[in-house]
Amino acid sequence: DVQTTLDWLQSRIGEAVFTPIATTPTKLGFDNAGIAVVKAAVNSVMIQGVENAHLLGDDPTSPSVTVPKSTDVSTADRNSRTLNNVIANGIIQGAIHRVNVQVNVAA
């Protein structure tokens, strides 16, 4: 189930980030507003990961997504049109494989 979660996250995040890049009529700006669109796309997948039991939602720090401010993006990254340092954090939710039940009865 760990590999399934990792594959699911990679695929869904790729799709979620590509969608606004491909569907914005002109371009997705390399400014704080454009970066916020990327953050929202990644965050929506992380939340969906919790809803689909891929990620643990019981921890107040998980999931989370951080992105740089546009002023913190290097000239090299801006020239290559690459947004780096988008960081998503989550905790993989474990699965129950066995259950031990203790039954107490009285007469």
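Glu15 and Arg12 sit 3 residues apart in helix α1, which means that about one helical turn separates them. Their side chains meet in a salt bridge, with 2.8 Å from N to O. The model you are looking at is a predicted one, and it holds 1 salt bridge.

How open to the surroundings are these residues? The table sets out the relative accessible area of Glu15, of Arg12 and, for use further on, of Val103.

| Residue | Relative accessible area | Class |
|---|---|---|
| Glu15 | 41% | partly exposed |
| Arg12 | 27% | partly exposed |
| Val103 | 65% | exposed |

Val103 brings us to the surface. Together with Ile96, Val99, Val101 and Val105, Val103 forms a nonpolar patch there, and the accessible area of these residues together is about 610 Å². Along the chain, Val103 is found in the segment after β2 (87–89). Val103 counts as exposed because its relative accessibility is 65%, and the cut-off for exposed is over 50%.

Now for the largest pocket, which has about 480 Å³ of space. It is lined by 15 residues, and Leu28, Gly29, Phe30, Arg81 and Leu83 are the closest to its centre. Two or more lining residues come from each of α1 (2–23) and α2 (32–51). Helix α2 gives the largest share of the lining, 4 residues. Sorted by class, the lining of this pocket has 9 nonpolar residues, along with 3 polar and 3 charged ones.

Definitions and conventions
Residues are numbered from 1 along each chain as its sequence is written. This is a predicted model: local features need pLDDT of at least 70, side-chain atom pairs count only at pLDDT 80 or more; totals for chains, interfaces and linings use all residues. Side-chain values use heavy atoms; hydrogens and water are left out. On a 1 Å grid over the protein atoms alone, a cavity is a set of points where a 1.4 Å probe fits but cannot get out, and a pocket is an open set with protein on both sides within 12 Å along at least five of seven lines; lining residues have an atom within 4 Å of a point. Grid points are joined across faces, edges and corners, and a volume is the space filled by probe spheres set on the points. Ala, Val, Leu, Ile, Met, Phe, Trp, Tyr, Cys and Pro count as nonpolar, Asp, Glu, Lys and Arg as charged, and the others, Gly among them, as polar. Patches are made of residues with over 30% relative accessible area and no salt bridge: like charges are joined within 9 Å, nonpolar side chains (Val, Leu, Ile, Met, Phe, Trp, Tyr) within 5 Å. Accessible areas come from the Shrake-Rupley method with a 1.4 Å probe; for residues, only the protein chains shown count as cover. A salt bridge is a side-chain nitrogen of Lys or Arg within 4 Å of a carboxyl oxygen of Asp or Glu. Buried means under 20% relative accessible area, exposed over 50%, partly exposed in between (1.4 Å probe, protein chains only).
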